[in-house]
Amino acid sequence: QVQLVESGGGSVQAGGSLRLSCAASGYSHNYMGWFRLAPGKEREEVAAIETRGTSTYYADSVKGRFTISQDKSKNTVYLQMNSLKPEDTAIYYCAAGYFWGPALDPTNYKYWGQGTQVTVSS
């Protein structure tokens with residue numbers, strides 16, 4: 001069966017850091033990504049990585065602050081989140097897909113994790 005297991009969410013003060021993890025199993029993919037859903041807003045892309053290569057992709061709102069990486073041996077992706085802002089508060093979802101197209105398009109992803117809450121306070 002396909003599983004995406006997320007961890008690392010929590011509460012942090014503005015300027016702090018968190019690292020999210022997502023371990024995937026049971027699915028062959030070429031991209032994994034992070035997306036978020038904030039209260040009153042539409043789903044927003046955050047970052048993605050080409051899991052069979054090295055390419056990474058970021059939303060403008062997180063460039064320079066967030067870093068996506070992977071451990072191929074563990075089939076795990078990470079999202080290092082630094083300099084967190086209150087507007088980063090959201091449920092963060094890990095996703096996996098196999099496709100050719102825009103890496104930050106959520107409709108390209110077939111499998112999704114359960115989400116993990118990130119709360120950033122002022």
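This is a short tour of a predicted model, going from one selection to the next in your viewer.

**Stop 1: the disulfide**

Begin by selecting Cys22 and Cys94, which are joined by a disulfide with an S to S distance of 2.0 Å. The count for this structure is one disulfide. A disulfide is a covalent bond between the sulfur atoms of two cysteines. Now colour the strands on either side of the bond: Cys22 belongs to strand β3 (residues 18-25) and Cys94 to strand β9 (residues 90-97), so the pair links distant parts of the chain, 72 residues apart. Is this disulfide left-handed or right-handed? The torsion about the S-S bond of Cys22 and Cys94 is about -80°, so the disulfide is left-handed. Switch on a surface and look for the two cysteines: Cys22 counts as buried at 0% relative accessibility, and Cys94 is buried too, with a relative accessible area of 0%.

**Stop 2: an open sheet**

Next, stay with β3 and bring in its sheet. Four strands make up this open sheet, in the order β1-β3-β8-β7, with antiparallel pairing. Which strands stand at the edges? They are β1 (3-7) and β7 (66-71); each has a single partner strand, so one side of each is left without a neighbour in the sheet. Turn the view to follow the twist, which averages 15° from one strand to the next. For a closer look, select β7 with strand β8 (residues 76-81): the two pair in the antiparallel sense over six bridges. Ser69 is a handy marker here, with Tyr78 as its bridge partner in β8.

**Stop 3: strand β11 and its partners**

Move on to strand β11 (residues 116-121). In a regular strand the side chains alternate between the two faces of the sheet. Show the side chains of β11 and compare its faces: Thr116, Val118 and Val120 are on the covered face, while Gln117, Thr119 and Ser121 are on the uncovered one. Then add strand β2 (residues 10-13), which pairs with β11 in the parallel sense over four bridges. β9, which you met at the disulfide, pairs with β11 in the antiparallel sense over three bridges. Val118 is a good residue to centre on: Gly10 stands opposite Val118, and Val118 in β11 is also the bridge partner of Ala90.

**Stop 4: Asn30 in its loop**

Now select Asn30, in the loop between β3 and β4 (31-37). Is Asn30 buried or exposed? Asn30 is buried, with a relative accessible area of 3%. Look for a polar atom of its side chain, 2.9 Å from the backbone oxygen of Phe99. Beyond its neighbours within four places in sequence, the contacts of Asn30 include Ile49, Arg52, Tyr98 and Trp100.

**Stop 5: the aromatic rings**

For the last stop, show the aromatic side chains; the structure holds eight aromatic pairs. One of them is Tyr31 with Tyr57, a tilted pair at 6.3 Å centre to centre with 55° between the planes. Tyr31 lies in strand β4 and Tyr57 in strand β6 (residues 56-58), 26 residues apart. Tyr31 is buried at 7%, whereas Tyr57 is partly exposed at 29% relative accessibility. Tyr109 and Trp112 form an edge-to-face pair, 6.4 Å centre to centre and with 70° between the planes. Of these, Tyr109 counts as buried at 5% relative accessibility, and Trp112 as partly exposed at 28%. Finish by selecting Tyr31, Phe35, Tyr57, Phe99, Tyr109 and Trp112 together, as they form one aromatic cluster.

Technical notes:
Residues are numbered from 1 along each chain as its sequence is written. This is a predicted model: local features need pLDDT of at least 70, side-chain atom pairs count only at pLDDT 80 or more; totals for chains, interfaces and linings use all residues. Side-chain values use heavy atoms; hydrogens and water are left out. A disulfide is a pair of cysteine sulfur atoms within 2.5 Å. Buried means under 20% relative accessible area, exposed over 50%, partly exposed in between (1.4 Å probe, protein chains only). Two strands pair if DSSP finds at least two bridges between them. Axes are lines fitted to C-alpha atoms, for helices over the stretch in contact, and angles run from 0 to 180 degrees between N-to-C directions. A polar contact is a pair of N or O atoms within 3.5 Å; within protein, one must be able to donate a hydrogen and the other to accept it, and residues adjacent in sequence count only if both atoms are side-chain atoms. Contact means heavy atoms within 4.5 Å. Rings of Phe, Tyr and Trp (its six-membered ring) pair if their centres lie within 6.5 Å; planes under 30 degrees apart count as stacked, over 60 as edge-to-face and the rest as tilted.
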